[in-house]
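Hi there,

Here is the structure I promised to pass on to you. Have a look at it first, and then read on for what turned up.

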Amino acid sequence: MAATELQCRSGARIDPGLISEFAKGLAGLAIRPEDKSYDHARRIWNAAIDRHPGLIVRCVGAADTIHAVKFAKANDILVAVRGGGHNVAGRALCDNGIVIDLSSMRAVIVDPESRVVRVQGGATLGDLDRETHLHGLAVPVGVVSKTGVAGLTLGGGVGWLVRKYGLSCDNVISFEVVTAEGEIVVASAESYPDLYWALRGGGGNFGVVTSFTFRAYPISTVLGGVLVHPRDKAGEVLRFHRDFMASAPEELTAYAALVTTPDGMPATVIIACWCGDIAEGERFLAPMRAFGPPLLDAIQPMPFPTMQMLLDGEFPEGTYNHWKATFVPKLTDEVIDLLIEHASRMRSPMSSCLVEFYGGAPGRVSSKEAAFAQRASEYNIGMTAQWTDPAESEMHRAWAREMYDAFEPHSNGMHLLNFQSEAGDDVTRASFGANYARLSELKQKYDPTNFFSLNQNIKAAGST
Ligand code: FAD
């Protein structure tokens with residue numbers, strides 16, 4: 001392999017003297033391929049992604065971010081932006097370009113009076129939950145604590161509070177953004193409202209978000225946990241889950257999954273989180289817990305951050321991953337049969353087939369109100385291939401791709417872009433639906449040269 005070096009987009013080498021000059025202007029770190037910390041710094045959650053940036057800029061604030069954007073712009077260098085580094089497609093990394101790495105920017109400031117939380121652009125969900133919980137508050141984010149707040153929120157954001165309190169992006173009051181011109185702006189309903197619209201679902205297309213200001217809710221203890229059933233009961237369990245959730249209060253979010261237990265047993269699980277009154281939740285969840293009955297019922301009251309970490313062990317750092325997902329309008333018996341068929345073909349005990357139901361608050365927001373367009377789509381079917389031996393990569397990728405293809409006739413054409421290891425331009429366009437045209441105009445306005453290109457990329461209006 002050729003030595004890794006910082007290059008401009010045409011392939012010409014950037015003069016090391018220029019890089020040293022740039023580094024002097026940083027409060028944070030410039031990590032170069034020859035530095036000891038380089039290999040650690042370029043590692044992300046998905047071990048299947050192995051890229052070699054020419055420079056990693058570990059920013060400590062918005063000023064470093066601006067400095068990095070201006071340097072990359074002036075020298076026409078490819079840029080990747082890293083928040084939590086959990087994007088399964090590896091969009092936080094690039095070869096021979098610059099990674100604007102926000103992973104040292106993890107501060108979370110809570111105002112308990114106004115229930116407003118300010119979060120820096122490199123914070124993880126765990127960072128956020130830890131601080132909000134001190135005040136008996138929570139912000140709706142995802143379900144694995146090491147995921148980045150930034151990438152998750154910019155792509156929508158679904159988690160245990162989604163049915164009651166909506167998507168993460170629907171709870172952002174404002175974004176502090178460094179634009180492709182290296183300017184700092186605050187986007188909110190009052191200031192840069194078009195940018196505010198685009199950032200709520202439009203991904204990393206429009207700038208580097210150095211901080212988010214969120215609305216939080218009074219949530220401290222939830223009733224949650226897992227129910228484990230044998231895999232040969234999958235049909236009955238998935239149909240029960242579908243019918244039960246159809247009339248369930250929005251305080252309950254419950255996902256179903258076809259998995260393999262740590263001791264190697266193929267299983268069907270329901271993971272539930274009730275975020276309302278605990279006694280009411282105990283009453284409401286009783287039939288779900290009695291159904292079967294399950295082999296294991298681990299549902300119990302717990303602090304919200306514990307619920308948020310319940311699945312962390314299922315998605316350890318450093319495994320190989322290939323994920324795909326698609327929305328189906330209804331969980332028909334045919335869809336359930338297809339899920340069971342493809343689950344029986346999983347070749348890794350770490351892989352899973354997921355059924356996630358988001359019906360409730362997201363659908364009450366019009367799809368014109370923010371870039372995120374998949375609001376009428378309630379059932380997300382996920383196929384997450386995860387393995388540890390790189391020699392098996394093609395086999396596990398093929399499983400996920402085959403399952404995805406089999407679901408195409410049942411899909412409504414929308415796909416959760418944050419869950420895709422690979423998504424062509426057609427999938428991106430379809431997933432934004434009627435919002436794509438406006439996003440494309442805003443890309444032309446805020447980033448006409450596609451400076452921010454490593455994301456769920458939107459083509460600027462008029463570009464080819
Ligand atoms: P990164 O890899 O750091 O970045 C992802 C994308 O966002 C890139 O395009 C990057 O350029 C852009 N980006 C990152 N930070 C910034 C920033 N500060 N400003 C501008 N652009 C930025 N999603 C859910 O909705 N709910 C879940 O429950 C959920 N669970 C997950 C669990 C696991 C184990 C994993 C791996 C993913 C999960 N996801 C979930 C998907 C997740 O939302 C996406 O992978 C998301 O991209 C991760 O964001 P990140 O900041 O960690 O990623």
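Below are some notes on the ligand site, one of the strands and the cysteines.

Please keep in mind that this is a predicted model.

**The ligand site**

I started with the ligand, since you will probably want to go there too. Its surroundings comprise 33 residues, and the closest are G83, G84, G85, V158 and V209. Sorted by class, this shell holds 16 nonpolar residues, 15 polar ones and two charged ones. Which elements supply at least two residues each? They are β3 (79-82), α5 (149-154) and β9. The biggest share comes from α5, which gives four residues.

Several backbone atoms come up close to oxygen atoms of the ligand. For G83, a backbone N or O atom is 2.7 Å from a ligand oxygen. A polar backbone atom of G148 lies 2.9 Å from an oxygen atom of the ligand, and for L152 the distance from a backbone N or O atom to a ligand oxygen is 3.4 Å. On its own the ligand has 950 Å² of accessible area, and the protein covers 97% of that.

**Strand β7 and its partners**

The next stop is β7, which spans residues 172-178. Six of its seven residues are buried, so the rest of the structure largely encloses this strand.

On one hand, β7 pairs with β9 (residues 208-215) in the antiparallel sense, over six bridges. In this pairing E176 sits opposite S211 of β9. As mentioned above, β9 also supplies at least two residues of the ligand shell.

On the other hand, β7 is joined to β8 (residues 184-188) by five bridges, and these two strands run antiparallel as well. Here V178 stands opposite I184 of β8. The hairpin of β7 and β8 has five residues between the strands, and G182 adopts a positive phi near 80° in it.

**The cysteines**

How many disulfides does the model contain? The count is zero. For a disulfide, two cysteine sulfur atoms would have to be within 2.5 Å. The sulfur of C169 has its closest cysteine sulfur in C275, 18 Å away, so that pair is too far apart for a bond. For C275, the closest cysteine sulfur is in C273 at 6.1 Å, which is also too far for a bond. Are C169 and C275 buried or exposed? C169 is buried, with a relative accessible area of 0%, and C275 counts as buried too, at 9%.

Happy to talk any of this through whenever it suits you.

Best wishes

How values were computed:
Residues are numbered from 1 along each chain as its sequence is written. This is a predicted model: local features need pLDDT of at least 70, side-chain atom pairs count only at pLDDT 80 or more; totals for chains, interfaces and linings use all residues. Side-chain values use heavy atoms; hydrogens and water are left out. Buried means under 20% relative accessible area, exposed over 50%, partly exposed in between (1.4 Å probe, protein chains only). Two strands pair if DSSP finds at least two bridges between them. A residue is near a molecule or strand if one of its heavy atoms lies within 4 Å of it. A polar contact is a pair of N or O atoms within 3.5 Å; within protein, one must be able to donate a hydrogen and the other to accept it, and residues adjacent in sequence count only if both atoms are side-chain atoms. Accessible areas come from the Shrake-Rupley method with a 1.4 Å probe; for residues, only the protein chains shown count as cover. Ala, Val, Leu, Ile, Met, Phe, Trp, Tyr, Cys and Pro count as nonpolar, Asp, Glu, Lys and Arg as charged, and the others, Gly among them, as polar.
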